[in-house]
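Me: Could you walk me through a structure that is new to me? I would like to ask a few questions as we go.

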Amino acid sequence: MVFAAGLGTRMRPLTETTPKPLVSVAGRTLLDRALDEFEQAGVETAIVNVHHLADQIEAHLAARAHPRIVISDERGLLLDQGGGIKKVLPLIGDDPFFVCNTDAFWVDAARSNILALAEAFDADRMDAALLLAPTIGSVGVDWDGDFDLDAEGRIVRRDGAKPYVYAGVGLMKPQLFAGVADDVFKLAPFFFDAASKGRLYGVVSSGLWLHVGAVATIDEAERAIAARRG
């Protein structure tokens, strides 16, 4: 499930005419960077929700063969990430599924971060697993981090500075949303609930993680990529 429906308010005025997933960084759109990773990991189908400037996203994706794209149309009502998942649960089925933001990506990973997350997932012990990136050394991190990890790899929430940020990709069970009555709701509380039960785990990504949440960070990300390329 690739989240491409947001308004991209932090990237205005750019996102008044270009949806954030179609913003290019170093010659590749954020949306294609995400889908490229899933394609390379062997993921066959990606559900992409659309709302803001939806026609542009649909037209862009029409040229893409892999993974197979299924559009979830939220033009009439923006459902937030949790509600967006609920809408497509019949398409997801019973097996764990990936979720993916489109405002972050990584470069120069030693191996597929998608496969690393999948290989680490243990349905008996976990309700969800999140890809994490180091707070220090990543690009575009202007906050004090999101999580810590215990010795077993469980995600720990605590106050103060934390060594890891959520890298925007997770793997979770669809059963977590069973019985939810609301149509519009956030995803993060489901992660937090799993953490409180000791069933949210983290996998630290390889490569350089880049968060592109504002217009200024586009240049910052491109400079970081250029520096690595020499």
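Here are some questions and answers about this predicted model.

Me: Glad to start. How many helices and strands does the protein have?
Reply: Let us begin with the overall picture. More than one kind of element is present, and the secondary structure of the protein comes to six helices and 13 strands.

Me: What is the radius of gyration of the protein, and what does the globule rule give for 230 residues?
Reply: The globule rule gives 17 Å for 230 residues, and the value for the protein is close to that, so the protein is as compact as a globular protein of that length. Its C-alpha atoms fill a box of roughly 40 × 40 × 30 Å along the principal axes. The radius of gyration itself is 17 Å.

Me: What share of the residues counts as buried?
Reply: The protein exposes about 10600 Å², and carbon and sulfur atoms supply 51% of that area. A residue counts as buried when its relative accessible area is under 20%. Of the 230 residues, the share that meets this is 51%.

Me: Let us look at one strand. Is strand β8 mostly covered or mostly open, and how many of its residues are buried?
Reply: Strand β8 takes in residues 128-134, which makes seven residues. The strand is mostly covered, and the number of buried residues is six.

Me: Which strand runs antiparallel to β8, and which one pairs with β8 in the parallel sense?
Reply: Six bridges join β8 to β11, residues 164-172, and these two run antiparallel; one partnership here is that of L130 with G170. Five bridges link β8 with a strand at residues 200-204 in the parallel sense, where A128 has L200 as its bridge partner. The antiparallel strand is therefore β11, and the parallel one is β12.

Me: Where does S205 lie, and is S205 buried or exposed?
Reply: S205 sits in the loop between β12 and β13. Leaving aside neighbours within four places in sequence, S205 is in contact with N113, L131, L132 and A133. With a relative accessible area of 9%, S205 is buried.

Me: Now a helix, please. Why do the buried residues of α6 lie on the same side?
Reply: Helix α6, residues 215-229, reaches 22 Å from its first C-alpha to its last, close to the 21 Å expected. Its buried residues are T217, I218, A221, A224 and I225. They lie on the same side of α6 because they cover an arc of only 135 degrees around the axis.

Me: Which exposed residues are on the face of α6 turned away from its buried side?
Reply: The buried residues of α6 pack against β2, α1, β7 and β13. The face turned away from that buried side carries the exposed residues A216, R223 and A227.

Me: Which peptide bond is cis with omega near -10 degrees?
Reply: One cis bond runs from R12 to P13, with omega near 10 degrees, and P13 lies in the loop between β1 and β2. P67 is found in the loop between α2 and β5. The bond with omega near -10 degrees runs from H66 to P67.

Me: One last pair: what are the phi values of D80 and D108?
Reply: D80 lies in helix α3 and is partly exposed, at 30% relative accessible area. D108 lies in the loop between β7 and α4 and also counts as partly exposed, at 39%. Each has a positive phi in a residue other than glycine: for D80 near 65 degrees, and for D108 near 60 degrees.

Terms used. Residues numbered from 1 in each chain as written. Predicted model: local features only at pLDDT ≥ 70, side-chain atom pairs only at ≥ 80, totals over all residues. Heavy atoms only, no water. Buried < 20%, exposed > 50% of the residue type's maximum accessible area, 1.4 Å probe, protein only. Helix = DSSP H or I, 4+ residues; strand = E, 2+ residues; numbered from the N terminus. Pairing = 2+ DSSP bridges. Expected span 1.5 Å × (residues − 1). Arc of directions from axis to C-beta. Contact = heavy atoms within 4.5 Å. Rg over C-alpha atoms; globule rule 2.2 N^0.38 Å. Areas by Shrake-Rupley, 256 points an atom, 1.4 Å probe, with all protein chains shown as cover.
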